[in-house]
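Got your viewer open and a selection box ready? Let's walk through this one stop at a time.

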Amino acid sequence: MSGLRERLGRLRGSGAAQAALPSVPAADDEWVQLGAHIETSPAGSFVMRRRLYGTDSVHGKYRLRELADYAQQLVCFHDQGAAVRHDALLFFDTETTGLGVGAGNVPFMVGIGYYTGELFTVEQLLIRNPAEEQAMLVYLQELLDRFTHIVSYNGRTFDWPILKNRYVLNRLTLDDSNLMQLDLLYPSRSLWRNTLPSCRLSKVEESRLGFERVDDVPGSMAPTLYFQYLAEKNPSVLQGVFVHNEHDIVTLAALAIHFSKLLSGEIEPAVSSTNAEPEAGVVENNAHYADIELEELFRTGLWLDKMNHSERAETFFQDLFSRLMNDPKPANSTEHESAILQLAAFYKKKGQYSRAVDLWKRWIQIKNASLAMQLEPYLELAMYYEHRERNLAQAIFYAEEAWAKLWRRRSLHRGDRKQHEVEEALEKRINRLKNKVRKTENMVPREGSHSKTKTRKVKPIYASEGLI
């Protein structure tokens, strides 16, 4: 019994000694070094970091306040046609503990950005442990009523579904039926998927928005750093994650300005002739597409046409057409020839055959001495002159030109089944055209004859059902 009393006494003594230690600093003080604080509400507490961008704030080559003038252009992203106001856009990005969209993936940091007048505010909500998640979700839930659009980068299929799952697991209701998703990843891919090594947000902002991050912590490192914080309880571990997430949010606003200006016609394919001086610290936007790659010119025009801005799209196609037709010695012949065929196919689809014909002839002029396997321009011209111009002589000329190229390459593709199929198809086309010429000659009425002959209308044969 005495031994038990001694042990209890020792335990009481250690407890008393522990109570005598100096009190630990308040949790709020730990986050001041990161510019954050503890946000407390009846639902609980979480870490909040708030950054304010003034009216003169610049991100890359855009002033953030410019979105107030151009946000309405984003209306074409949705069929509803509802008005778009810059202060009704919520810019949204998360940092999560994993890459999946299942229940085990937790968004430990939610970054949001929004306008109040011309001021741009970035708020970053961080949970120090799972118990704080509900308080963070309630705060965000109360904020959503102010907004009509969620602006994100791959948020429609990743970040937002994960967040909605967390509301369900916390037995909270998230009504997003009136919120429209404006995911800027898709227009970015439409414009730059073939011209940039990657469509990651950091790569897009560096190459197209003029903003380069210094010592950036990649998003893939965020889960590792968060788990390190949970183990060490040292907030400074997360400093790089806060900065990375903040850059993502501000870049979303700058990217929204870029697409808005592109839709408004503010950004043109060539340098504007105006003598107006650009604002200090901001690159002149009209010069953005002055030396752009041919592929991007075409993709930009294609995207504008898809967004029902056909007149603005035509300015890009016109600039591309001029470059393709007038450049005597293209620096990148492969890119040049590919752009010719792409633009010709677009003009054919739109029914602008004269331009398509010019481009096909331009391709033939460039590739005249080569043995390129590409026969599309010859076949398209043969079909055009046969079915639209009713000029059988020209149709036969281009069909025989294609045949001549095939014949010269025959030794290089001996025994190639596809080669034989193309040869047979070309032979049939040439024979059919020559038969039409003979029939036309036989149907010419004799001099003085009053008989009328009716020519049978031939159904056009298109590339999809023709040779190749």
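What follows is a tour of a predicted model, from the whole chain down to single residues and helix pairs.

**Stop 1: the whole chain**

Start with everything shown as cartoon. You have 468 residues in the chain, and buried residues make up 46% of them. The secondary structure comes to 16 helices and 9 strands. If you like contact maps, here is a number to keep in mind: of the contacts between residues at least 6 apart in sequence, 67% join residues at least 24 apart.

**Stop 2: the nonpolar cores**

Now select Phe91, Phe120, Tyr153, Leu184, Leu255 and Leu343 and show them as sticks. Those are the residues with the most contacts inside the largest nonpolar core, which has 81 residues. Which helix gives this core its largest share? Colour residues 239-264: that is helix α9, and it supplies 11 residues.

Next, pick out Trp31, Ile127, Leu144 and Tyr226. They are among the residues of a second, separate core, this one with 43 residues.

**Stop 3: Ser260 in α9**

Go back to α9 and select Ser260, which sits in that helix. Is it buried or exposed? Ser260 has a relative accessible area of 0%, so it is buried. Leaving out residues up to four places away in sequence, Ser260 touches Leu67, Tyr70, Ala71, Gln73 and Leu74.

**Stop 4: Leu343 and its surroundings**

Select Leu343, one of the residues with the most contacts inside the largest core. Apart from its neighbours within four places in sequence, Leu343 is in contact with Phe298, Phe317, Leu320, Phe321, Leu324 and Leu359. Keep Phe321 and Leu324 displayed for the next stop.

**Stop 5: α11 against α13**

Show residues 310-326 (helix α11) and 353-366 (helix α13). Two packed helices are described by the angle between their axes and the distance between the axes. For α11 and α13 the angle is about 30 degrees and the axes are 10 Å apart. Why call α11 roughly parallel to α13? Angles under 35 degrees count as roughly parallel, so an angle of about 30 degrees puts this pair in that class. The crossing of the two is left-handed.

For the contact itself, select Glu314, Gln318, Phe321, Leu324 and Met325 on α11, then Arg355, Asp358, Leu359 and Arg362 on α13. Colour by class and you get 4 nonpolar, 1 polar and 4 charged residues.

**Stop 6: α13 against α14**

Keep α13 and add helix α14, residues 376-387. Here the axes come within 9 Å and cross at roughly 140 degrees, and α13 and α14 are therefore oblique to each other. This crossing is left-handed.

On the α13 side, select Tyr353, Val357, Trp360, Lys361, Trp363 and Ile364; on the α14 side, Pro377, Tyr378, Glu380, Leu381, Tyr384 and Tyr385. How many of the residues in this contact are nonpolar? The count is 10 nonpolar, no polar and 2 charged residues.

Zoom in on Trp360, which lies in α13. With 1% relative accessibility, Trp360 counts as buried. Not counting residues up to four places away in sequence, Trp360 touches Leu341, Ala344, Lys348, Pro377, Glu380 and Leu381. Try the distance tool too: from the C-alpha of Trp360 to the C-alpha of Ala345 is 9.5 Å, with the two positions 15 residues apart in sequence numbering.

**Stop 7: α4 against α5**

Hide those and show helix α4, residues 133-143, along with α5, residues 155-169. They pack at an angle of about 115 degrees, with their axes 10 Å apart, and the crossing is left-handed. The contact is built from Glu133, Leu137, Leu140 and Gln141 of α4 and Leu163, Arg166 and Tyr167 of α5. By class, this contact has 4 nonpolar, 1 polar and 2 charged residues.

**Stop 8: two asparagines with positive phi**

Finish on the backbone. Select Asn154, in the loop between β8 (149-152) and α5. Its phi is near 70 degrees, a positive value in a residue other than glycine. At 27% relative accessibility, Asn154 counts as partly exposed.

Then jump to Asn308, in the loop between α10 (294-306) and α11. Phi of Asn308 is near 65 degrees, again positive in a residue that is not glycine. What about its accessibility? Asn308 comes out at 70%, so it counts as exposed.

Note on methods
Residues are numbered from 1 along each chain as its sequence is written. This is a predicted model: local features need pLDDT of at least 70, side-chain atom pairs count only at pLDDT 80 or more; totals for chains, interfaces and linings use all residues. Side-chain values use heavy atoms; hydrogens and water are left out. Axes are lines fitted to C-alpha atoms, for helices over the stretch in contact, and angles run from 0 to 180 degrees between N-to-C directions. Helices (H or I, at least four residues) and strands (E, at least two) are DSSP runs, numbered from the N terminus. Angles under 35 degrees count as roughly parallel, over 145 as roughly antiparallel, 65 to 115 as roughly perpendicular and the rest as oblique. A crossing is left-handed if the near helix is turned anticlockwise from the far one by less than a right angle, and right-handed if clockwise. Contact means heavy atoms within 4.5 Å. Ala, Val, Leu, Ile, Met, Phe, Trp, Tyr, Cys and Pro count as nonpolar, Asp, Glu, Lys and Arg as charged, and the others, Gly among them, as polar. Buried means under 20% relative accessible area, exposed over 50%, partly exposed in between (1.4 Å probe, protein chains only). A nonpolar core is a set of buried Ala, Val, Leu, Ile, Met, Phe, Trp, Tyr and Cys residues joined through side-chain atoms within 4.5 Å.
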